[in-house]
Amino acid sequence: MSDSYIYLLGLVFAEVLLFGLVKTWKNLRDKLGKHRIDVSFLTILVDIGTASKLRRITPPDSKSLRNTIFFAGVVNMALMIVYLYLTLINAVEGLFRAVSVGEVPVSPFVPVIPGVTISLEMLFPLILSIGIAMVVHEFMHALVALLEKVEIESWGIGLFIVFPVAYVKLSENSFNEAPRKSRTSILSAGILGNSLIALIALGLISLFSTQLSLAPVIIDLDRSNPELPAVQANISTPSIILEVNGTKIRSLEEFTYFLSSRLNQSIVLVLKTQRCVRDGYRIVETGAIETYVLRKPAGSKLGVYLSELVTPDTPTYVVEALLYTNWVFIVNLSLAIINAAPIFITDGGRVITDILSKRSKKLNYVIQGMTSVTIAILLMIGLMNYI
């Protein structure tokens, strides 16, 4: 068992033990309560700010600013909902199509479970990205609540298993007494904040990507068919593709275009490659240069699995920055979409409930119920794909 698994299991055990002690030891529960620490199963929350500190803050009384945030929040939330439902429709269609032809169904929704759906090596970038997303989300709720004159009782941070948590507690009376426009603006502000961070991260990804040096790599052979040219030649894997028939290959796109343009031709390929050692998405070492002569019949595949990997001459800081920025993008976009979804526990669900509560409670339950069930089913299918 790796050290990462040991640390993860140790943390979970400590949280369960603390929960048990708090439930059975009243003195400990009272002491933690005095320090504004709340312990529940696998969750620890700590209040780090109270309303008294916020009463000294006088936010700008700008109607145009409030209207701009409201409009941007509502439009952004609507876009997230449209994107969600388009994804759900495509996923459900794909599910029925797979079942009808006897294939294994797949899902675009996958729950984050360390060691199962995500490798433990990726846990720290994920934790950092979730922390950023949660802080931005709750900060936007708090900021707009101040602008809309809704009282904030407290705010704080916490831990759910290994994932960081941030929260803002609004005064229920103050929130419920605010105009519907103010309530909608506050609820949609967190989604807007995550969407903006995702957009910034996307721009940074484009910037860092220009500094990457990538190499087309044969990562494995299709050994299911021993007659394929690459399998007969027994090409070493993984290997960087350097040349084919005297033409230098600088990208995976160039190599795949070369092959596809000659798919229906019977040709002889002189392939020059360089052995390498792969570490995830990177090449960490290169070795001997080898040349192979492959006779590819017309219509035949070459028999290789290809990928583009980061070369050793790419600065490490660029690779790490791209990795973390990519996680920030994924987490913030995912959090924006899920929070916009009409589900009973989300910001989007609360907005829909607020709108339909006096008009059609049945429609509200139908919309949120069907959305919740569909996402739950797709999450289970997504998990099953990894088990």
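Helices (H or I, at least four residues) and strands (E, at least two) are DSSP runs, numbered from the N terminus. The model shown in these views is predicted.

**Figure 1. The loop between α8 and β6, with the cis peptide bond at P238.** P238 is placed in the loop that runs between α8 (229-233) and β6 (239-244). The peptide bond joining T237 to P238 is cis, with an omega of about -5°. N234 is found in the loop between α8 and β6 as well. Although N234 is not a glycine, its phi is positive, at about 55°. Most residues other than glycine have a negative phi, and most peptide bonds are trans.

**Figure 2. K149, a non-glycine residue with a positive phi.** The view is centred on the loop between α5 and β3 (152-160), where K149 has its place. The phi of K149 is about 65°. K149 counts as exposed because its relative accessibility, 53%, is over the 50% cut-off.

**Figure 3. The largest pocket and its lining.** Rolling a probe the size of a water molecule over the atoms shows where empty space is left. The largest pocket has a volume of about 1,900 Å³. Its lining consists of 50 residues, and V331, S334, L335, I338 and N339 are the ones that lie nearest the pocket centre. Helix α10 provides the largest share of this lining, 10 residues. Elements that each supply at least two lining residues include α4 (63-100), α5 (123-147), β4 (163-170) and α6 (172-177). The elements α7 (180-209), α10 (316-340), α11 (347-356) and α12 also each supply at least two. By residue class, the lining of the largest pocket divides into 37 nonpolar, eight polar and five charged residues.

**Figure 4. The edge-to-face aromatic pair of F19 and F41.** A search of the whole structure finds three aromatic pairs. In the pair formed by F19 and F41, the ring centres are 5.7 Å apart and the planes meet at 75°. The pair links distant parts of the chain, 22 residues apart: F19 belongs to helix α1 (residues 3-24), whereas F41 is in the loop between β1 (37-40) and β2 (43-50). F41 has a relative accessible area of 48% and is therefore partly exposed.

**Figure 5. The tilted aromatic pair of F344 and Y365.** The ring centres of F344 and Y365 are 6.0 Å apart. The pair is classed as tilted because its planes stand at 40°, between the limits of 30 and 60 degrees. F344 is in the loop between α10 and α11, and Y365 is in helix α12, so the pair links parts of the chain 21 residues apart. F344 is partly exposed, at a relative accessible area of 41%, whereas Y365 is exposed, at 54%.

**Figure 6. M370 in helix α12.** Helix α12 spans residues 361-384 and contains M370. M370 has a relative accessible area of 55% and is exposed. The C-alpha atom of M370 is separated by 9.4 Å from that of P342, a residue 28 positions away along the chain.

**Figure 7. Two basic side chains over the faces of aromatic rings.** K181 lies over the face of F70, at 5.3 Å from the ring centre. R262 lies over the face of F258, at 3.7 Å from the ring centre.

**Figure 8. The salt bridge between strands β8 and β9.** The structure holds six salt bridges. Side chains of opposite charge can pair when their charged atoms come close. In the salt bridge of R275 with E290, the closest N and O atoms are 2.7 Å apart. R275 lies in strand β8 (residues 267-279) and E290 in strand β9 (residues 282-296), so the pair ties together parts that are 15 residues apart in sequence. R275 is partly exposed, with a relative accessible area of 40%. E290 is buried, because its value of 16% is under the 20% cut-off.

**Figure 9. The salt bridges of E254 with R250 and of D220 with R223.** The closest N and O atoms of E254 and R250 are 3.2 Å apart. Within this pair, E254 is partly exposed, at a relative accessible area of 28%, while R250 is exposed, at 58%. In the salt bridge of D220 with R223, the closest N and O atoms are 3.9 Å apart, a value within the 4 Å limit. D220 is partly exposed, with a relative accessible area of 33%.

Notes
Residues numbered from 1 in each chain as written. Predicted model: local features only at pLDDT ≥ 70, side-chain atom pairs only at ≥ 80, totals over all residues. Heavy atoms only, no water. Buried < 20%, exposed > 50% of the residue type's maximum accessible area, 1.4 Å probe, protein only. 1 Å grid on protein atoms, 1.4 Å probe; cavity = no way out; pocket = protein on both sides within 12 Å on 5 of 7 lines; lining within 4 Å. Points joined across faces, edges and corners; volume = space filled by probe spheres on them. Nonpolar A, V, L, I, M, F, W, Y, C, P; charged D, E, K, R; others polar. Phe/Tyr/Trp six-rings, centres within 6.5 Å; stacked < 30°, edge-to-face > 60°. Lys NZ or Arg CZ within 6 Å of the ring centre and 35° of its normal. Salt bridge = Lys/Arg side-chain N within 4 Å of Asp/Glu carboxyl O.
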